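Here are my notes from going through this one, point by point. Have the viewer open while you read.

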Amino acid sequence: MGYLHIGQNAMVSERRIIGIFDLDITSQSKITREFLQKAEEEGVALPVTEDIPKSFVVCDHPYHRQLVYISQLTPQTLQKRSQGENG
């Protein structure tokens with residue numbers, strides 16, 4: 001079982017990742033904006049950046065419906081990291 005570094009000091013289990021999404025592209029959708037707003041209201045949106053966010057990672061969790069990590073890393077960088085490449 002591997003872990004993915006998603007920004008700053010945050011790492012998530014790769015088996016828990018549901019999806020990695022580009023914030024610029026997906027935030028154009030009303031449904032995505034509502035999803036992120038609801039996650040924030042429920043306290044399951046966790047920023048792992050102090051910089052401008054570029055992606056969000058949705059993970060399943062045994063005690064919550066899901067957790068949403070907001071990251072400064074691009075989806076491409078996260079994908080390279082998950083494949084073992086330097087990103």
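**Notes on the model**

1. Let me start with a residue that caught my eye: Ile18 is exposed, because its relative accessible area of 55% is over the 50% cut-off. Keep in mind that we're looking at a predicted model. Ile18 sits in strand S3, which covers residues 17–22.

2. What does Ile18 touch, once its neighbours within four places in sequence are set aside? The contacts are Val58, Cys59 and Asp60. Val57 is worth a look too: Ile18 and Val57 are 39 residues apart along the chain, yet their C-alpha atoms are separated by 7.6 Å.

3. That brings us to the pairing around S5. Strands S3 and S5 run antiparallel to each other, with 5 bridges between them. To find the register, take Phe21, whose bridge partner in S5 is Phe56.

4. S5 also has S6 as a partner, and S6 is made up of residues 67–71. This pairing is antiparallel as well, over 5 bridges. Here a handy marker is Val58, which stands opposite Val68 in S6.

5. Is strand S5 mostly covered or mostly open? Mostly covered: 5 of its 5 residues, 55–59, are buried. The side chains split between two directions, with Ser55, Val57 and Cys59 pointing one way and Phe56 and Val58 pointing the other. Both groups are buried, so under 20% relative accessible area applies to each of these residues.

6. Back to exposed isoleucines, as Ile25 belongs on the list. Ile25 is in helix H1, residues 23–26. Its relative accessibility is 58%, so Ile25 counts as exposed. If you want a distance to check in the viewer, Ile25 and Lys38 are 19 Å apart from C-alpha to C-alpha, with their positions 13 residues apart in sequence.

7. Please check the backbone at Gln8. Its phi is near 45°, which is a positive value in a residue other than glycine. Why flag that? Because most residues other than glycine have a negative phi. Gln8 is in the loop that links strand S1 (3–7) to strand S2 (10–13). As for cover, Gln8 is partly exposed because its relative accessible area is 41%.

8. Now the whole chain. There are 3 helices and 6 strands, and their order along the sequence is β-β-β-α-α-β-β-β-α. The radius of gyration is 12 Å, close to the 12 Å from the globule rule for 87 residues, so the chain is as compact as a globular protein of that length. Along the principal axes, the C-alpha atoms fill a box of roughly 35 × 30 × 20 Å.

9. On contacts and cover: among contacts with a separation of 6 or more, 46% are between residues 24 or more positions apart. Buried residues make up 37% of the 87 in the chain. The accessible surface is about 5,700 Å², and carbon and sulfur atoms hold 48% of that.

10. Last, the charges. How many positive and negative side chains does the chain have? There are 9 positive and 11 negative ones. The centres of the two sets lie 4 Å apart.

Methods:
Residues are numbered from 1 along each chain as its sequence is written. This is a predicted model: local features need pLDDT of at least 70, side-chain atom pairs count only at pLDDT 80 or more; totals for chains, interfaces and linings use all residues. Side-chain values use heavy atoms; hydrogens and water are left out. Helices (H or I, at least four residues) and strands (E, at least two) are DSSP runs, numbered from the N terminus. Buried means under 20% relative accessible area, exposed over 50%, partly exposed in between (1.4 Å probe, protein chains only). Two strands pair if DSSP finds at least two bridges between them. The radius of gyration is taken over C-alpha atoms; the globule rule is 2.2 Å times the number of residues to the power 0.38. Contact means heavy atoms within 4.5 Å. Accessible areas come from the Shrake-Rupley method with a 1.4 Å probe; for residues, only the protein chains shown count as cover. Lys and Arg count as positive and Asp and Glu as negative; His and the chain ends are not counted. The place of a charge is taken as NZ of Lys, CZ of Arg, CG of Asp or CD of Glu.
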